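Biologist: Please show me the model, and then let me ask why its parts are called what they are called.

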Amino acid sequence: MNNLTLSPAKDTLSVICNHQTGVIELEGVSYPQDAADFFNPIYEWLENYIDQVGAAITLNLRINYLNTSSTKCLFDFIDRLEEYYKTGQEVKINWYYEQDDEDIKETGLEFQEDMELPFELLSY
Amino acid sequence: MKEDEIEKIMKKVFKKEYAYLETYKTVIEEKNLSPTELLDKYTQLLEAYRMLLQDAVKITKIGDINQKKLFEVNEDLEQQKQILYQTSITDALTNVFNRAYIMGVLEAEFAKSKRYQSTFSCILIDIDDFKAVNDNYGHLVGDAVLVKTTSIIKKQLRVVDSFGRYGGEEFLIVLPATKAQEALLVAEKLREKIAEMEFIEKGHKISISISQGISDSLTDDLQSQDDLLYKVDTALYQAKKNGKNCSVIYKNIE
């Protein structure tokens, strides 16, 4: 299985999915015209990782802006991680936000709500 | 983007939810389901609906947060744009218009006067013996004198007049709807105000004076604003020749 790296564009996140460490890093802004198209390779990588590696996963999120479609896609991605967590796997999510950025902190809190898997908000 | 393209994208974004729709719409068509099977399907559908509602609420809240953030960023950008614009047209030391801006005002006023046959005037001001101020008291004191001089001049002008730094210790005033003779009255008032001011800078008492060249646009020989600048410059030169601390109208030079 391969690692997945997507360089950030004006309207898309930087993505690094490492199958050796099980760490997924999503960073930046996301407002592409077709959010589903952008998130598809990340979903696919996750499915392959679950099938072929089946080990712990850490999702690190450093988000500055998400449009509504991207929010929905990220929700679906996290839902899949939660399903994986419910099978007894170790999964955790770290939501990083700049200390003064109340909006991103609030967004993180919305994602965290009703979540069963460990979801931590970390300021920097 | 076209409507059908947007719909195609939305179908991909809501793939899971569209799949639910396909699965559960068959329940109505299946006539032979037992009450237990029906209850089972109903429970599944209810759970799917609960999840969807939960996501919809969260997405709406996050959408609102992001929208607020966008508006705040936009407001901030607007403010920065204003600051940048003000900085780009202002002389950093004296806080009056810079050369580029005052030349733009002159160009626009010249075009207006040609188009509407209107009259405007220009006053070119030079601080007399300013080099001596710098040489005797240093550049910091020289800068302070420039700031005070411009502040006095600014207070005497009308809102419609434009005042900018033309170069070192030279300043240009553009006075719309003003003939040279009227501009002379303004210039003389400025000259008197400056002459009676005593600048005290870092313990030094400094008196200064200004010389001024004046011209209006009421002549046929003006091809461009540069011709008018030539005239005020020549008048200013004459004012210096006349012994400084005075104002000269170009058309009065013999």
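## Labels and their grounds

Biologist: In β3(B), which residue is the bridge partner of B:Ile125?

Modeller: This is a predicted model. In it, B:Ile125 has B:Phe171 of β3(B) as its bridge partner. Another such partner is B:Val174 of β3(B), which belongs to B:Cys122.

Biologist: What makes β1 and β3 of chain B a pair?

Modeller: Two strands pair if at least two bridges are found between them. Strand β1 (residues 120–127) and strand β3 (residues 170–176) of chain B are joined by 7 bridges and run antiparallel, so the condition is met. β1(B) and β6(B) also run antiparallel, with 7 bridges; there B:Asp126 stands opposite B:Ser211.

Biologist: Which strands of chain B are called edge strands, and why?

Modeller: The open sheet has 5 strands in the order β2-β3-β1-β6-β7 (chain B), with mixed pairing. Its edge strands are β2 (162–167) and β7 (247–249), each of which pairs on one side only. From one strand to the next the twist averages 20 degrees. Helix α7 (residues 180–196) of chain B packs on this sheet and touches β1, β3, β6 (210–216) and β7 of chain B. The direction of helix α7 makes about 170 degrees with that of β6(B).

Biologist: Why is β1(B) said to be largely enclosed?

Modeller: Buried means under 20% relative accessible area. In β1(B), 8 of the 8 residues are buried, so the strand is largely enclosed by the rest of the structure. B:Phe120, B:Cys122, B:Leu124 and B:Asp126 point one way, and B:Ser121, B:Ile123, B:Ile125 and B:Ile127 point the other way.

Biologist: Is B:Asn98 buried or exposed, and how do you know?

Modeller: The relative accessibility of B:Asn98 is 16%. The cut-off for buried is under 20%, so B:Asn98 counts as buried. B:Asn98 lies in the loop between α3 and α4 (99–116) of chain B. Not counting residues up to four places away in sequence, B:Asn98 touches B:Ser88, B:Ile89, B:Thr90, B:Asp91 and B:Arg165.

Biologist: What about B:Leu39: buried or exposed?

Modeller: B:Leu39 has a relative accessible area of 54%. Exposed means over 50%, so B:Leu39 is exposed. B:Leu39 is in helix α3 (residues 35–89) of chain B. With B:Tyr42 and B:Leu46, B:Leu39 makes a nonpolar surface patch of about 340 Å².

Biologist: How is the sheet of chain A ordered?

Modeller: The open sheet of chain A has 6 strands in the order β1-β2-β3-β4-β5-β6, and the pairing is mixed. Its edge strands, each pairing on one side only, are β1 (4–6) and β6 (119–123) of chain A. The twist averages 15 degrees from one strand to the next. Strand β5 (residues 91–97) of chain A pairs with β6(A) in the parallel sense over 5 bridges, and A:Asn94 has A:Glu120 as its bridge partner in β6(A). Helix α2 (residues 68–86) of chain A packs on the sheet, touching β3 (23–30), β4 (57–66) and β5 of chain A.

Biologist: Why is the contact of A:Asp76 with B:Lys16 called a salt bridge?

Modeller: The limit is a side-chain nitrogen of Lys or Arg within 4 Å of a carboxyl oxygen of Asp or Glu. For A:Asp76 and B:Lys16 the closest N and O atoms are 3.3 Å apart, so the pair qualifies. A:Asp76 lies in helix α2 of chain A and B:Lys16 in helix α2 (residues 15–29) of chain B, so the pair joins two chains. A:Asp76 counts as buried at 15% relative accessibility, while B:Lys16 is partly exposed at 31%. Both belong to a network of salt bridges with A:Lys72, A:Asp79 and B:Glu17.

Biologist: How do you know that A:Glu116 and A:Lys86 meet in a salt bridge?

Modeller: Their N to O distance is 3.8 Å, and the limit is within 4 Å, so the label holds. A:Glu116 lies in the loop between α3 (102–112) and β6 of chain A, and A:Lys86 in helix α2 of chain A, so the pair ties together parts 30 residues apart in sequence. A:Glu116 counts as exposed at 52% relative accessibility, and A:Lys86 counts as exposed at 54%.

Conventions:
Residues are numbered from 1 along each chain as its sequence is written. Chains are lettered from A and ligands numbered from 1 in the order in which they are written. This is a predicted model: local features need pLDDT of at least 70, side-chain atom pairs count only at pLDDT 80 or more; totals for chains, interfaces and linings use all residues. Side-chain values use heavy atoms; hydrogens and water are left out. Helices (H or I, at least four residues) and strands (E, at least two) are DSSP runs, numbered from the N terminus. Axes are lines fitted to C-alpha atoms, for helices over the stretch in contact, and angles run from 0 to 180 degrees between N-to-C directions. Contact means heavy atoms within 4.5 Å. Patches are made of residues with over 30% relative accessible area and no salt bridge: like charges are joined within 9 Å, nonpolar side chains (Val, Leu, Ile, Met, Phe, Trp, Tyr) within 5 Å. Accessible areas come from the Shrake-Rupley method with a 1.4 Å probe; for residues, only the protein chains shown count as cover. Buried means under 20% relative accessible area, exposed over 50%, partly exposed in between (1.4 Å probe, protein chains only).
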